[in-house]
Amino acid sequence: MSTLEPCIEYRGDRLAVDGVPLERIAKDVGTPAYVYSAEEIQQRFAALDAAFSFRDHLICYAMKANPSLSICRLLAKLGAGADVVSGGEFRRAVEAGIDPRKVVFSGVGKTDDEIAYALRKRALALNVESQEELDAVARVAGRLGVTARFTVRLNPNVDAGTHRHITTGRHDNKFGIDFRGALELYGRAQKDRRVKAVGIQSHIGSQITQVKPYREALSVILTLAERLARRGQKLEYIDMGGGIGITYRDEVPMPLETLAKEVRSQLSVWPGLKLLLEPGRFLTADSGVLITRVLYRKRTESTRFVIVDAAMNDLLRPALYEAYHPIVPVRRTRSAAVPVDVVGPVCETSDCFAKARPMPWPSQGDLWAVLKAGAYGFSMASTYNSRPRPPEVLVSGGSYRVIRARETFEDLVRHER
Ligand code: LLP
């Protein structure tokens, strides 16, 4: 089956993650449950690291994709830094053993407390997204008596050619600062000893499959770097953000080598500049599956519904973006495929994982696996409809362990008085 990754394959008729049958995991931890392959994440990291080995670089894992401590720990061991977007993510990075000096802090709405935390931890940089934010960073740094390392998040006004909800590099998006504004901010910083410009950052969107948007963004970044160099502002690095796309259905993302070649050629006249990348999805999406059990089947005049025990609160992407996730039976069957709507128990029409998807008509109790759920899956899960969030399981070296227990009813009401 072409939708399967090397880490997820049928052993005989049983779907397995790195050789561990999902049926066994489901039996032990129940359903729904997220299962990740450590091996797949390690391989992704290694591939990216190798592709950009032509230059001094740092891979700052975008933790929002999957902030599990165990997964961050695994990436920390491989030398990853982190891209964080809240004080909570920053603390997770530290907890997972990621060196805070390898952490960049993005996001349009950092609070004074979050800024202070990042400065105390000596973050690699705060990626500043507005004039007023730079003022706040300078103020907090002044109060703490430290120099704040920062980059401006440049909004290069390029179209990433991706879903409108996950494009970030155009002027009508809330992210970053345009070229002139950025130039002005770097100018101000030159006269302010509380802040130090160390780089330029840009993140133009997510699930990018073409090299062109990166080419365009990079060229704007380097034009800015040149203007800064001319007035004596020397930078340590440029940060290309994340966004590297994967195949959910039939997308054909650019090979890493193509992207690396483009970067290499544009950076050739900048020998001293270090390179930062902030991948999220690329590292973890393919490593994860959401296992779910078929509860009921029902037919209306127009539609066959398969009601499963996972729902939009567990995996929001289909409901929120109409995103496509492959779904496969955990035990392969020979029965013919029929178009079905795969829906969850949540009381919303949008609680639908797939519409008119050809699937073997299941029996009650069958297990299905929703694939490519390792990024923006659990991290976007909620407890809507008072549904406790599912457990997370990490498969590594032929065995597995629960890295996050299933939530309980007590967890749901813990903070209520
Ligand atoms: N850096 C910054 C500043 C970001 O905002 C993001 C993602 C990344 C890096 C990582 O992007 P990635 O490599 O994962 O594409 N929930 C959406 C994706 C939102 C991405 C937001 N920013 C989804 O499920 O498709």
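Good morning. I begin with a pocket: about 340 Å³ of space lies in the second largest pocket of this structure. Fifteen residues line that second largest pocket, and those closest to its centre are Glu322, Cys352, Phe353, Ala354 and Lys355. Please keep in mind throughout that the model before you is a predicted one.

I turn now to the largest pocket. Its volume is about 560 Å³. The lining of the largest pocket comprises 29 residues, and Lys64, Thr168, His203, Ser206 and Tyr376 are the ones nearest its centre. Sorted by class, that lining contains 8 nonpolar, 13 polar and 8 charged residues.

Where does the largest pocket lie with respect to domain 1 and domain 2? Domain 1, formed by 8-37 + 286-413, contributes residues to the lining, and domain 2, formed by 106-279, does too, so the largest pocket lies between them.

What takes up the space of the largest pocket? The answer is the ligand. Around the ligand there are 20 residues, with Ser206, Glu278, Arg317, Tyr321 and Tyr376 the closest. Two of these names have come up already: Ser206 and Tyr376 are also among the residues nearest the centre of the largest pocket. The shell around the ligand is made up of 6 nonpolar, 8 polar and 6 charged residues. Both domain 1 (8-37 + 286-413) and domain 2 (106-279) supply residues to this shell, and therefore the ligand, too, lies between them.

Allow me to go through some individual contacts with the ligand. Asp83 places a polar side-chain atom 3.1 Å from a nitrogen atom of the ligand. In the case of Gly243, a backbone N or O atom lies 2.8 Å from an oxygen atom of the ligand. For Arg281, a polar backbone atom is 2.8 Å from an oxygen atom of the ligand. As for cover, the ligand taken alone exposes 590 Å², and the protein buries 92% of that area.

I close with the cavities. How many cavities of 30 Å³ or more are there? The count comes to 2.

The largest cavity has a volume of about 60 Å³. Its lining consists of Leu48, Tyr214, Met240, Gly241, Gly242, Ile244, Leu259, Leu277, Glu278 and Pro279. By class, these residues divide into 7 nonpolar, 2 polar and 1 charged. Glu278, which appears in this lining, is also one of the residues closest to the ligand.

The second largest cavity has a volume of about 50 Å³. Ser202, Ile204, Tyr214, Ala217, Leu218, Ile221 and Met240 line this second cavity. Here the division is 6 nonpolar and 1 polar, with no charged residues. Tyr214 and Met240 occur in the linings of both cavities.

To restate the central point, the ligand takes the space of the largest pocket, and the protein buries 92% of the area that the ligand exposes when taken alone. Thank you for your attention.

Key:
Residues numbered from 1 in each chain as written. Predicted model: local features only at pLDDT ≥ 70, side-chain atom pairs only at ≥ 80, totals over all residues. Heavy atoms only, no water. Near = heavy atom within 4 Å. Polar contact = N/O pair within 3.5 Å; in protein donor to acceptor, adjacent residues only side chain to side chain. Areas by Shrake-Rupley, 256 points an atom, 1.4 Å probe, with all protein chains shown as cover. 1 Å grid on protein atoms, 1.4 Å probe; cavity = no way out; pocket = protein on both sides within 12 Å on 5 of 7 lines; lining within 4 Å. Sits in = over half its atoms within 2 Å of the grid points. Nonpolar A, V, L, I, M, F, W, Y, C, P; charged D, E, K, R; others polar. Domains from an automatic or database assignment. Points joined across faces, edges and corners; volume = space filled by probe spheres on them.
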